[in-house]
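Student: Hi, could you walk me through this fold before I head back to the bench?

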Amino acid sequence: MPRHAITAALVACALFAWQGAARAADQPPPAACMKPIPPGSADPVVRDVHFHITQGSPLISITLCVASGNANVLQGVAANVGVFSKDGVLINYAGQSYTNVAPLTDPSADGPKLVLMYGVAIQVDPKYNQEFAPDTVVALTSVACTKPLPACEAGKPVTTTFLLPVQIDHDLPSSSPPPK
């Protein structure tokens, strides 16, 4: 495949992931993202990790949510997600960062006060046949405001590493025609 075609495909997939995250922000977050954060657990937490793949394409998009019990703005959030082969070898990783993530306007009493829908796209070598490990590692770093906006004073950065299950979704349109 020519380099310009790969670049165009990567841009299209990244746009899909970004648009998917933007559309998700307009709708209520999935139920998995809205579960209460158990007392004493990490905050923020990463939940609902999905790898969206198309048969025969080297591109995958990754979606997840970051949930927090913090009612203040997260000044910065960055997540790096590992993509592992079924044998546990790191194939690739993708990262995305966000700034000034606002809390939910009407959070439930026992649920998260802030939910960020995350999306990123990466290329994976076709030799792995889109067969991935059932788990992934996500490194999450965040900085919460200690006061509400506009007087946000940055707190200390918090970094947490999560080992999480991955849902593999074959939900992107295929480039080949449907079988007859």
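Tutor: Happy to; here is a chat about the strands and what surrounds them.
This is a predicted model, where local features need pLDDT of at least 70, side-chain atom pairs count only at pLDDT 80 or more, and totals for chains, interfaces and linings use all residues. Residues are numbered from 1 along each chain as its sequence is written, and side-chain values use heavy atoms, with hydrogens and water left out.

Student: How many helices and strands are there in the chain?

Tutor: The chain has two helices and seven strands, with the order α-α-β-β-β-β-β-β-β from the N terminus. These are DSSP runs, numbered from the N terminus: helices are H or I with at least four residues, strands are E with at least two.

Student: Which strand does β1 pair with in the parallel sense?

Tutor: β1 (residues 45-53) pairs that way with β7 (residues 158-169), over four bridges; two strands pair if DSSP finds at least two bridges between them. Histidine 50 faces glutamine 167 there, and phenylalanine 51 faces isoleucine 168.

Student: And how many bridges join β1 and β2?

Tutor: Seven, in the antiparallel sense, with β2 covering residues 59-68. Histidine 52 sits opposite serine 61. The two strands make a hairpin with five residues between them, and glycine 56 in the turn has a positive phi of about 85 degrees.

Student: Why is β1 largely enclosed?

Tutor: Because eight of its nine residues are buried, meaning under 20% relative accessible area with a 1.4 Å probe, protein chains only. Over the whole chain, 38% of the 180 residues count as buried.

Notes. Buried means under 20% relative accessible area, exposed over 50%, partly exposed in between (1.4 Å probe, protein chains only).
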